Amino acid sequence: MLKKYLAGKIELSPDQEELVDKYFIQKSTERNEILVQAGSIARHLYFVIKGCLRIFLTNEDGIESTRFLIFEGRMGTAFPSFILKEPSVASIQSLEPSELLVLSYEDRELLYQNIPGWETMDRIEVEKEYIKAIRRIESLITTDSAERYHLLMKDNPEMIKRLPARIIADYLGISPETLSRLKSKR
């Protein structure tokens, strides 16, 4: 799965492929396992082979707010904490039993140093994810709940079948009742 992700983005020699295999460590998670607890430092970048990770915030009343969902073939973490090595305001949870490849900050730096083009490829991928995040924020501000639901149905219908309704509603910035009404109108 990682090789598929890297295909067309960077050419690796056999020695460089060995380095990538050495630094990305396999990890299996259980449903609802917390990988990073808010208040701790996010020390790893996660590549999802199978499953789904959720990056979420919890307010002082215990109400959760989903910031990002990371599905198969994508990479992510609580980036502010990972980059700045500060306690994270977000938690990372494995929503499903998942198979991951985990890369530490230090090993990411070693890939930058030892594989020409890795840093550029990584920057381009981070920029793409940043643009997706900004567009999601903009849609939360500029579109109504029905529009957001229809966009999700168009762009990622599998998400609606796969994840609990409360997570989908939270991700869309709507109440579970509104999500239920939108589903029934389909």
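How many salt bridges does the structure hold? The count comes to 12 salt bridges, and I will walk you through a few of them this morning. Before that, please keep in mind that we are looking at a predicted model.

Let me start with the whole protein. Its secondary structure comes to 9 helices and 8 strands. If you draw a box along the principal axes, the C-alpha atoms fill roughly 55 × 35 × 30 Å. Is that what a compact globule would give? Let me put it as a proper question: what radius of gyration does the protein have, and what would a compact globule have? The protein has 17 Å, and a compact globule with 186 residues would be near 16 Å, so the two agree.

Now, the inside and the outside. Of the 186 residues, 41% are buried. The exposed surface is about 10700 Å², and carbon and sulfur atoms supply 52% of that area. As for contacts, take those between residues at least 6 apart in sequence: 70% of them join residues at least 24 apart. Keep that in mind when we come to the pairs.

Back to the salt bridges, then. Glutamate 33 and lysine 27 bring their side chains together in one of them, at 3.7 Å from N to O. Glutamate 33 counts as partly exposed because its relative accessibility is 24%. Lysine 27 is partly exposed too, with a relative accessible area of 32%.

The next one is between arginine 54 and glutamate 64, with 2.6 Å from N to O. Which elements do these two residues come from? Arginine 54 sits in strand E4, residues 52–58, and glutamate 64 in strand E5, residues 64–71, so this salt bridge ties together parts that are 10 residues apart in sequence. Is each partner buried or partly exposed? Arginine 54 has a relative accessibility of 1%, so this residue counts as buried. Glutamate 64, at 34%, counts as partly exposed.

Here is a third, from aspartate 122 to arginine 108, where the closest N and O atoms are 2.7 Å apart. Aspartate 122 belongs to helix H5 and arginine 108 to helix H4, residues 105–114, so the pair connects parts that are 14 residues apart in sequence. Aspartate 122 is buried, with a relative accessible area of 8%, and arginine 108 counts as buried at 7%. Salt bridges can also share partners: Lys9, Glu125 and Lys128 are joined into one network in that way.

Let us turn to the aromatic rings. The structure holds 4 aromatic pairs. One of them is phenylalanine 24 with tryptophan 118, a tilted pair with 6.4 Å from centre to centre and 55° between the planes. This pair links distant parts of the chain, 94 residues apart: phenylalanine 24 is in the loop between helix H2 and strand E1, while tryptophan 118 is in helix H5. Phenylalanine 24 counts as buried at 5% relative accessibility, and tryptophan 118 is buried at 3%.

Another pair is phenylalanine 79 with phenylalanine 82. Their ring centres are 6.2 Å apart and their planes stand at 90°, so the pair is edge-to-face. Both residues lie in helix H3, residues 79–84, and they are 3 residues apart, about one turn of the helix. Phenylalanine 79 counts as partly exposed at 26% relative accessibility, whereas phenylalanine 82 is buried at 1%. Together with Tyr105, these two form one aromatic cluster.

Phenylalanine 82 also leads us to histidine 44. Which residues does histidine 44 contact, once its neighbours within four places in sequence are left aside? They are Thr77, Phe82, Val102, Leu103 and Ser104. Histidine 44 lies in strand E3, residues 44–50, and counts as partly exposed at 29% relative accessibility.

One last stop, on the surface. Ile137, Leu140 and Ile141 make a nonpolar patch of about 290 Å². Leucine 140 lies in helix H5, residues 118–142, and is partly exposed, with a relative accessible area of 32%. You have met helix H5 before: aspartate 122 and tryptophan 118 are in it as well. Thanks for listening, and do turn the structure around for yourselves.

Notes: Residues are numbered from 1 along each chain as its sequence is written. This is a predicted model: local features need pLDDT of at least 70, side-chain atom pairs count only at pLDDT 80 or more; totals for chains, interfaces and linings use all residues. Side-chain values use heavy atoms; hydrogens and water are left out. Helices (H or I, at least four residues) and strands (E, at least two) are DSSP runs, numbered from the N terminus. Buried means under 20% relative accessible area, exposed over 50%, partly exposed in between (1.4 Å probe, protein chains only). Contact means heavy atoms within 4.5 Å. Patches are made of residues with over 30% relative accessible area and no salt bridge: like charges are joined within 9 Å, nonpolar side chains (Val, Leu, Ile, Met, Phe, Trp, Tyr) within 5 Å. Accessible areas come from the Shrake-Rupley method with a 1.4 Å probe; for residues, only the protein chains shown count as cover. A salt bridge is a side-chain nitrogen of Lys or Arg within 4 Å of a carboxyl oxygen of Asp or Glu. The radius of gyration is taken over C-alpha atoms; the globule rule is 2.2 Å times the number of residues to the power 0.38. Rings of Phe, Tyr and Trp (its six-membered ring) pair if their centres lie within 6.5 Å; planes under 30 degrees apart count as stacked, over 60 as edge-to-face and the rest as tilted.
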